[in-house]
Amino acid sequence: PKFTVAAASGNTSISGTLGVIGNLTASANVEVTGILDLNGSVDADVTGFDVASTGSISLAATGLLNLSGSSITANLSVTAGAAIGNDKLVAMSANGLVEALANAKDVIALGASVAMISQGASAAGKIAEIGTVSVKVEVNLASAIVAGERLYLSAVDAGRVTNVPPSASNTTVFQVGVALAGAAAGSVAVLAFRPQFLYNNY
C-alpha cells in the first residue's frame, strides 16, 4: 500500500508525494531523513530550528535565511557566484552569493579569500572573515604600497586594494585597512583588516 496508518500508534506512512495546499501544523518534532525541499519560507522561533552537526542548510541563489536570536554552532555555507581567486576581498552580493568585492554599493563585506573558490562551489573555510587581525589581499595593478598606508577597495580591479581612494563619479570609498608592510603593484599585501565604509562619490 502507498498509504498506511498503524492502528496502535497512529503512525502514518506515505510512499509517494504529500502535497499540502494549506498550512501544515506539527505539535511535536518533524524529522526528515532525506532532502527537505522548500519553495516557500521557513519561520522558526529561537528554540525551534535545530540542524544536527552532520546536517546542512542549502539556500538557492534567490533564497534567504532569517535567524533571530539564534546561535549557529556549525558552518553556514555560502556559494560563490563566480570564480574567486586567492587573496581577494569578497562580499555577499544582493542575490545571496559570494563574489569578489568590486565597486558596488549596498553589499555585505565578508572578508578576504584564503583559497581559490570555483563558481558554484562552497566558500566554507575559504574566507578570512571580518574580525581577523590581519589578512593577505592583492594590490591593484597600477601602484605599489608602503607600510602604514591606508588601503581602499579598488574601483578598477575587483577584489584588490589601492592606496588611492577612488574619486571618479559613482564610485564608493571603502577603507579596507592599513598596510603592515610594503608591496609591489599586482603583488599580495599583508594588512590590518579594518573595513569601513567612508562615502560615495556622485
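## Briefing: an all-strand predicted model

Strand β10 (residues 171-179) pairs with strand β11 (residues 188-201) in the antiparallel sense, over eight bridges. The model is predicted. The protein has eleven strands and zero helices. A five-stranded open sheet, a network of salt bridges around E138 and a nonpolar core of 19 residues are the main topics below.

**Overall make-up**

- From the N terminus on, the elements run β-β-β-β-β-β-β-β-β-β-β.
- The protein has 202 residues, and 27% of them count as buried.
- The exposed area is about 13,300 Å². Carbon and sulfur atoms supply 52% of that area.
- Take the contacts between residues at least 6 apart in sequence: 50% of them join residues at least 24 apart.

**The open sheet**

- Five strands make up the sheet, in the order β7-β11-β10-β8-β9. Their pairing is antiparallel.
- The edges are β7 (134-138) and β9 (161-162). Each has a single partner strand, so one side of each is left without a neighbour in the sheet.
- Strands of a sheet pair through backbone hydrogen bonds.
- Within the β10-β11 pairing, V173 has Y199 of β11 as its bridge partner.
- Strand β8 (residues 150-153) is joined to β10 by three bridges, and the two run antiparallel. Here R150 stands opposite V178 of β10.

**Strand β10 and Q175**

- β10 is mostly covered: nine of its nine residues are buried.
- Q175 lies in this strand, β10. Its relative accessibility is 7%, so Q175 counts as buried; the cut-off for buried is under 20%.
- Leaving aside neighbours within four places in sequence, Q175 is in contact with R150, L151 and Y152, and also with R194, P195, Q196 and L198.
- R150, L151 and Y152 fall within the residue range of β8 (150-153). R194, P195, Q196 and L198 fall within that of β11 (188-201).

**Salt bridges around E138**

- How many salt bridges does a search of the whole structure find? It finds two.
- In one, the side chains of E138 and K88 meet at 2.5 Å, N to O. This pair links distant parts of the chain: E138 is in strand β7, while K88 is in the loop between β2 and β3 (89-92), 50 residues apart.
- In the other, the side chains of E138 and R160 meet at 3.1 Å, N to O. E138 lies in strand β7 and R160 in the loop between β8 and β9, so this pair ties together parts that are 22 residues apart in sequence.
- Are these charged residues buried or exposed? E138 and K88 are both buried, and R160 is buried as well.
- K88, E138 and R160 are thus named together as a network of salt bridges.

**Nonpolar cores**

- The largest nonpolar core has 19 residues. Those with the most contacts inside it are L89, V135, V137, I145, V161, V176 and L191.
- Which elements give two or more residues to this core? They are β3, β7, β8, β10 and β11.
- V137 has contacts with D87, L89, A112, G159, V161, S187, V188, A189 and L191, leaving aside neighbours within four places in sequence.
- Apart from this core lies another, of seven residues. Among them are A80, V90, A123 and I127.

**The nonpolar surface patch**

- Which residues make a nonpolar surface patch of about 610 Å²? F3, V5, I14, L18, V20 and L24 make it.
- I14 has its place in strand β2 (residues 12-14). At 35% relative accessibility, I14 counts as partly exposed, because that value falls between the 20% and 50% cut-offs.

**A glycine pair**

- G81 sits in the loop between β2 and β3. Its relative accessibility is 18%, so G81 counts as buried.
- G81 and G120 are 39 residues apart in sequence. In space they are 5.9 Å apart, C-alpha to C-alpha.

Terms used
Residues numbered from 1 in each chain as written. Predicted model: local features only at pLDDT ≥ 70, side-chain atom pairs only at ≥ 80, totals over all residues. Heavy atoms only, no water. Pairing = 2+ DSSP bridges. Helix = DSSP H or I, 4+ residues; strand = E, 2+ residues; numbered from the N terminus. Patch = residues over 30% accessible without salt bridge, like charges linked within 9 Å, V, L, I, M, F, W, Y side chains within 5 Å. Areas by Shrake-Rupley, 256 points an atom, 1.4 Å probe, with all protein chains shown as cover. Salt bridge = Lys/Arg side-chain N within 4 Å of Asp/Glu carboxyl O. Buried < 20%, exposed > 50% of the residue type's maximum accessible area, 1.4 Å probe, protein only. Contact = heavy atoms within 4.5 Å. Core = buried A, V, L, I, M, F, W, Y, C linked by side-chain atoms within 4.5 Å.
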